[in-house]
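Dear colleague,

Please find below the structure that I am handing over to you. The findings follow directly after it, and I would be grateful if you read them with the coordinates open.

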Amino acid sequence: MSVVAVTRLELRRLFVRPLAWVLAALTLGELAWRFILLLGQFLANQIKLAALPGGPGYTDLVAVPMLSSLLTGGFLPFGLAELALVIVPLLTMSVLAGDRGNGTLPLLFASGLSGSQIVLGKYLAVLLWLILWLLLVLAMPLSVAQGTHLDWGKFAAASWGLLLMLASLAALGVACSAFASHPAIAAAASLMLGLGLTIINLGAQMAGVGNGAINWLALSSHLEPLLRGLVSSVDLIWFALLIALSLMLAIRRVSAERERG
Amino acid sequence: MTMPTAVLSQDLLKLNGLSRHRAGRPAVQDLSLSLKRGQVLGLLGVNGAGKSTTLSMIAGALRPDSGTIELNGADFLEHPQQARQFIGWLPERAPQWPELTVGEHLNAHGRLRGLNGTALRQAREAITERLELSSLQRRLAGVLSQGQRQRLGLACALLHKPALLVLDEPANALDPVQVAALRGLIREQASAGTAVILSTHLLVEVTAVCDRVAILHEGRLHHDAPIAEGDHKSLEQSFFDIAMRGGSNSSIENKPAHPRNHAA
């Protein structure tokens with residue numbers, strides 16, 4: 001019940017701040033543009049594609065590429081995964097660092113809440129906002145699904161992958177906010193960590209190393225199979241570990257704050 | 001509303017050997033105090049005496065390094081969730097979320113204290129009316145004056161009708177009319193059986209509303225005694241003795257005062 005009270009409070013704070021609305025509007029506009037460009041490309045090449053037996057369809061060329069540039073590359077505007085690397089740090093930067101700045105964190109402690117209740121409540125609020133954002137993005141490719149053949153399994157796997165990525169970045173952002181003295185520092189740290197995790201294996205890939213510890217560490221190595229429709233327990237465990245580790249660190253930091261003052 | 005004598009005579013709060021370091025120096029050292037329902041304790045001390053640290057520990061926002069806090073007979077440090085029901089805390093400078101309105105603050109504090117639905121609505125209406133916040137319900141906390149912020153903080157602390165009210169410098173930034181209203185409110189709470197701890201560095205605040213005064217200096221309790229009518233001069237002398245020369249523990253009385261008849 002206390003976690004729900006913290007989640008409600010944090011959601012309220014997210015929804016009354018213009019930042020969340022501006023970010024949502026700008027990113028949805030950008031993603032709508034990406035969707036129209038992808039759809040235009042698909043329609044222009046439809047006759048050629050129809051001639052290819054087992055060739056890529058709407059799911060491979062429009063619905064999944066909407067979500068990430070990992071599979072498309074090229075000059076198209078950013079996909080949801082790339083935008084999330086910037087959006088999530090901006091959303092999470094104030095969750096705990098802002099409370100520390102306002103002096104409101106002691107108010108939560110004085111309400112009898114434990115560090116874990118505070119962190120989980122705030123994390124759930126950010127996650128709910130991100131799920132809403134993801135659903136609005138998914139509504140774009142789904143809006144024309146009736147008029148085409150959508151591979152529901154592949155689309156669900158890709159959506160699940162994006163949800164896990166958002167949940168991981170949110171946990172990382174909450175952890176950075178728990179450690180930072182100022183929201184801007186939390187945002188910068190979260191952005192750098194998210195980017196670092198995504199591109200940590202870039203050098204290894206360029207050198208032709210396809211596996212190894214550095215590839216296992218990279219977020220992109222675990223997101224890409226899901227975007228291709230391949231759900232493996234190794235990838236799911238990697239995301240679960242990142243979320244658990246980040247939240248555990250945040251909880252330890254917040255609990256220590258009550259001890260240390 | 002008055003409470004039965006048997007209930008009033010029980011210790012609501014008991015601090016035993018409370019100590020806490022902050023920024024590498026002892027902020028509170030071996031502090032022992034007790035407080036009964038309906039009592040108003042004034043915590044006096046110069047800046048840095050350890051008043052806010054003591055109140056933060058009592059409110060559950062800070063854990064002591066050593067010592068125990070008993071609240072309503074139970075170990076508060078073992079059961080910090082007790083704070084939710086029993087304690088209302090107004091921290092120094094009344095921190096708030098600037099992006100939330102007065103009404104949203106009250107809703108959030110009510111839910112954090114376990115109030116919901118009709119109970120929350122009724123509690124909110126009663127406290128906004130009592131503290132004259134009704135016209136400010138839709139105003140953002142970030143644009144309130146310091147006096148209004150202080151009143152909002154007080155409303156949040158009182159919303160769930162706590163048994164122990166912890167007020168850290170509540171008269172800061174209040175005008176004389178608001179100070180008088182605050183004194184009236186403290187007396188009213190005490191009459192209803194609420195124990196009140198009031199931290200201040202103004203002697204006049206203590207003599208105006210408190211039954212007892214505790215003087216802290218460099219984290220140690222130097223004086224703990226009931227206040228009688230016309231005690232202002234001797235209290236002032238004790239305070240300056242302690243503040244200027246460090247004082248001694250000679251004025252610590254174990255016998256707690258009987259609550260004043262605040263209903264009068």
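A:Leu19 lies in helix H2 of chain A, which covers residues 18–44. The model is a predicted one, and the remarks in this message should be read accordingly. A:Leu19 has 13 other C-beta atoms within 10 Å; a residue is buried at 20 or more such atoms and exposed at 12 or fewer, so A:Leu19 is partly exposed. Its C-alpha atom is separated by 8.3 Å from that of A:Leu90, although the two residues are 71 apart along the chain.

Chain A as a whole

Chain A contains 14 helices and zero strands. Read from the N terminus, its elements therefore appear as an unbroken run of α: α-α-α-α-α-α-α-α-α-α-α-α-α-α. The radius of gyration of chain A is 20 Å, close to the 18 Å given by the globule rule for 261 residues, so chain A is as compact as a globular protein of that length. The C-alpha trace of chain A spans about 70 × 40 × 30 Å along its principal axes. Buried residues account for 42% of the 261 residues of chain A. Among the contacts in chain A with a separation of 6 or more, 76% are between residues 24 or more positions apart.

Helix packing in chain A

Two packed pairs that involve H8(A) may be of interest to you. Two packed helices are described by the angle between their axes and the distance between the axes.

The first pair is helix H1 (residues 2–16) and helix H8 (residues 115–143), both of chain A, which pack at an angle of about 45° with their axes 7 Å apart. Angles of 35 to 65 degrees fall outside the parallel and perpendicular ranges, so H1(A) and H8(A) are oblique to each other. The crossing of H1(A) and H8(A) is right-handed. On the side of H1(A), the contact is made by A:Ser2, A:Val3, A:Val6, A:Thr7, A:Glu10, A:Leu11 and A:Leu14. On the side of H8(A), it is made by A:Gln117, A:Ile118, A:Leu120, A:Gly121, A:Lys122, A:Leu124, A:Ala125, A:Leu128 and A:Trp129. Sorted by class, the contact of H1(A) with H8(A) comprises 10 nonpolar, four polar and two charged residues.

The second pair is H8(A) and H14(A), whose axes come within 8 Å and cross at roughly 130°. H8(A) and H14(A) are therefore also oblique to each other, and their crossing is right-handed. From H8(A), the residues A:Gly115, A:Ser116, A:Ile118, A:Val119 and A:Tyr123 take part. They meet A:Leu247, A:Ala250, A:Ile251, A:Val254, A:Ser255 and A:Arg258 of H14(A). By class, the contact of H8(A) with H14(A) has seven nonpolar, three polar and one charged residues. A:Ile118 is listed in the contact with H1(A) and in the contact with H14(A).

The interface between the chains

How many residues of chain A are in contact with chain B? There are 19 residues of chain A in contact with 27 residues of chain B. On the side of chain A, H1, helix H7 (105–109) and helix H14 (233–260) each supply at least two residues. H1(A) provides the largest share of that side, six residues. The residues of the side of chain A that touches chain B divide into seven nonpolar, six polar and six charged.

Chain B

The secondary structure of chain B consists of nine helices and 11 strands. Of the 264 residues in chain B, 49% are buried. Residues 24 or more positions apart make up 71% of the contacts in chain B with a separation of 6 or more.

Two backbone angles in chain B deserve a remark. Most residues other than glycine have a negative phi. B:Glu132, which is not a glycine, has a positive phi of about 55°. B:Glu132 is placed in the loop between helix H5 (117–130) and helix H6 (146–158) of chain B, and with 13 C-beta neighbours inside 10 Å it counts as partly exposed. B:Lys161, also a residue other than glycine, has a positive phi near 50°. B:Lys161 is found in the loop between H6 and strand S7 (164–168) of chain B, and with 16 C-beta neighbours inside 10 Å it counts as partly exposed.

With kind regards

Terms used. Residues numbered from 1 in each chain as written. Chains lettered and ligands numbered in written order. Predicted model: local features only at pLDDT ≥ 70, side-chain atom pairs only at ≥ 80, totals over all residues. Axes fitted to C-alpha atoms, helices over the stretch in contact; angles between N-to-C directions. Helix = DSSP H or I, 4+ residues; strand = E, 2+ residues; numbered from the N terminus. Parallel < 35°, antiparallel > 145°, perpendicular 65-115°, else oblique. Left-handed = near helix turned anticlockwise from the far one by under 90°. Contact = placed C-beta atoms within 7 Å. Nonpolar A, V, L, I, M, F, W, Y, C, P; charged D, E, K, R; others polar. Rg over C-alpha atoms; globule rule 2.2 N^0.38 Å.
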